[in-house]
Amino acid sequence: MTDEIDYVKRSQYRFKVVKSLDNDAKMPSQIARDTEIFQNHISNVLRQLREHELIECINPEVRKGRLYRLTDKGEKVSENL
């Protein structure tokens with residue numbers, strides 16, 4: 001778990017996205033507004049966090065309006081940031 005916490009802390013973008021998703025599912029555009037990070041960067045950060053199993057898409061069948069939330073592992077990481 002410590003490795004994942006360090007991984008998130010090493011990037012201000014990953015840190016902000018994880019904190020933005022704390023207790024809420026959001027679309028990438030909402031995350032971009034909340035964090036003041038450009039949307040193209042949000043897509044990259046979401047991909048990185050998915051690869052580390054910290055977030056998940058709860059409606060992958062939808063092309064537009066996908067919602068992302070923290071996984072159980074992601075919630076534990078967020079609590080320790």
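**A walk from loop to core**

Glu36 lies in the loop between H3 and H4. Those labels come from DSSP runs numbered from the N terminus: a helix (H or I) has at least four residues and a strand (E) at least two. The model is predicted, so local features need pLDDT of at least 70 and side-chain atom pairs count only at pLDDT 80 or more, while totals for chains, interfaces and linings use all residues. Residues are numbered from 1 along each chain as its sequence is written, and side-chain values use heavy atoms, with hydrogens and water left out.

Back to Glu36. This residue has a positive phi of about 60 degrees, even though it is not a glycine. Glu36 is also exposed, with a relative accessible area of 75%. That word has cut-offs: exposed is over 50% relative accessible area, buried is under 20%, and partly exposed is in between (1.4 Å probe, protein chains only).

Further along the chain, Glu53 sits in the loop between H4 and E1. Phi of Glu53 is near 60 degrees, again a positive value in a residue other than glycine. And is Glu53 buried or exposed? Glu53 counts as exposed because its relative accessible area is 52%.

Glu53 also leads us to Gly74, a residue of helix H5 (residues 72–79). Leaving out residues up to four places away in sequence, Gly74 touches Glu53 and Leu54, where touching means having heavy atoms within 4.5 Å. Why does Gly74 count as buried? Its relative accessibility is 1%. Now look from Gly74 to Ile55: they are 19 residues apart in sequence, yet their C-alpha atoms are 6.1 Å apart in space.

Ile55 takes us inside the fold, to the largest nonpolar core. A core here is a set of buried Ala, Val, Leu, Ile, Met, Phe, Trp, Tyr and Cys residues joined through side-chain atoms within 4.5 Å. This one has 19 residues, and those touching the most other members are Val8, Val17, Leu21, Ile42, Leu46, Leu49 and Ile55. Which elements give two or more residues to it? They are helices H1 (2–9), H2 (12–20), H3 (28–35) and H4 (39–51), along with strands E1 (55–57) and E2 (68–70). H4 gives the largest share, four residues. If you're wondering about the bigger picture, nonpolar side chains tend to be buried together in soluble globular proteins.

Zoom in on Ile55 for a moment. Not counting residues up to four places away in sequence, Ile55 touches Leu21, Leu46 and Leu49, plus Arg50, Tyr68, Arg69, Leu70 and Thr71.

Next, let's take a tour of helix H2. Gln12 is found in this helix, and at 53% relative accessibility Gln12 counts as exposed. Its C-alpha atom is separated by 13 Å from that of Leu49, 37 residues apart along the chain.

Arg14 has its place in H2 as well. Is Arg14 buried or exposed? Arg14 is buried, because its relative accessible area is 10%. Aside from residues up to four places away in sequence, Arg14 touches Tyr7, Val8, Val45, Gln48 and Leu49. One of those contacts deserves a closer look: the charged end of Arg14 sits over the ring of Tyr7, 3.8 Å from the ring's centre. For a charge to sit over a ring, NZ of Lys or CZ of Arg has to be within 6 Å of the ring centre and within 35 degrees of the ring normal. You can also trace Arg14 to His41: these two are 27 residues apart in sequence, and 10.0 Å apart from C-alpha to C-alpha.

The last stop in H2 is Val18. Val18 counts as buried because its relative accessibility is 1%. What does Val18 touch, not counting residues up to four places away in sequence? The answer is Val8, Leu49, Leu70, Ser78 and Leu81. To finish, find Thr2 in the model: Val18 and Thr2 are 16 residues apart along the chain, and 15 Å separates their C-alpha atoms.
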